[in-house]
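Visitor: Could you walk me through this model, one question at a time?
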Amino acid sequence: MKSSVRVRAWAAGAMVAVAGLILGPTTAAHADPAPPAPCSAGYAAISFDDGPSTLTPAYVQALNDAGWVKATFFLTGAHALDYPQYVAQIAAGGHWIGNHSFSHPFLDDLGEPDAFNELLGTNQILQSQTGHAPTLFRPPYGRTNAGIRQDATTLGMTEVLWTTDSFDYNGISTDDIVANALQVGPGGIILLHEGYRSTLAAIPRIVDGLAERGLCAGRIVPSTTPVQAWPGATYYATAAHW
């Protein structure tokens, strides 16, 4: 009788073992999904307005520390005159330099030729400091019109607005800046500003957040396709391979 029980127990154990081989473990561990390949989702441009400033060296260093990331700096002529050494540092780092007017006014309120001269004077300053005239222009506050766009075109520049506003100028936290910036999509352009330590702290986190989505920091280039910045405002530029 005991021998028969042992035989039945052995047979049951063998069946369980065979089932395990066929079906595999009943509680298999789930591996984390592999991160996306670098740049597999495309490019998004990181841009900074209103510089150069006393924090420019720290911004450039933060971009380097994040993986030699390149960005676009839209500089004012007045600040470029105040900090020519930082203009040189931006250029030496391989970053793109754009025109952000001379004195950061409401260009659409100035009229002509004052608006044109704001752009022309800044181009002359930046060309004298870097050896190259800017090919990109961003109107302060995003305030533009057909005449201002024509001024930029006359000077060989593409007007650039943005798809994603970080709102860093509103005194918000670094967490909020990062969250706002990472709403950007492929081909989009993030608006950030120089001179804020909260924005400085956001730089590596924005770069990491883009990488987690397979996005790389891209160069701003002209596009034949209109891009909506906000309802009623479009521009012709996108982010592409640097």
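**Helices and their contacts**

Visitor: Which residues of helix 4 are met by Thr 56, Pro 57 and Val 60 in helix 2?
Guide: This is a predicted model. Contact here means heavy atoms within 4.5 Å. On the helix 2 side are Thr 56, Pro 57 and Val 60, and in helix 4 they meet Tyr 86, Gln 89 and Ile 90.

Visitor: How many residues of the contact of helix 2 with helix 4 are nonpolar?
Guide: No charged residues take part. Two are polar, and the nonpolar ones number four.

Visitor: Is helix 2 roughly parallel or roughly antiparallel to helix 4?
Guide: The axes of helix 2 (residues 56-65) and helix 4 (residues 84-92) come within 10 Å and cross at roughly 10°. Angles under 35 degrees count as roughly parallel. Therefore helix 2 and helix 4 are roughly parallel.

Visitor: How far apart are the end C-alpha atoms of helix 6?
Guide: Helix 6 covers residues 114-130, which is 17 residues. At 1.5 Å a residue, the helix should span 24 Å. The model agrees, because the end C-alpha atoms of helix 6 are 24 Å apart.

Visitor: Which residue follows helix 6?
Guide: Its phi is positive, near 90°. The residue is Gly 131.

Visitor: Is Thr 174 buried or exposed?
Guide: Thr 174 lies in helix 8 (residues 174-181). Not counting residues up to four places away in sequence, Thr 174 touches Ser 198, Ala 201, Ala 202 and Arg 205. Buried means under 20% relative accessible area. Thr 174 has 17%, so this residue is buried.

Terms used. Residues numbered from 1 in each chain as written. Predicted model: local features only at pLDDT ≥ 70, side-chain atom pairs only at ≥ 80, totals over all residues. Heavy atoms only, no water. Axes fitted to C-alpha atoms, helices over the stretch in contact; angles between N-to-C directions. Helix = DSSP H or I, 4+ residues; strand = E, 2+ residues; numbered from the N terminus. Parallel < 35°, antiparallel > 145°, perpendicular 65-115°, else oblique. Nonpolar A, V, L, I, M, F, W, Y, C, P; charged D, E, K, R; others polar. Expected span 1.5 Å × (residues − 1). Buried < 20%, exposed > 50% of the residue type's maximum accessible area, 1.4 Å probe, protein only.
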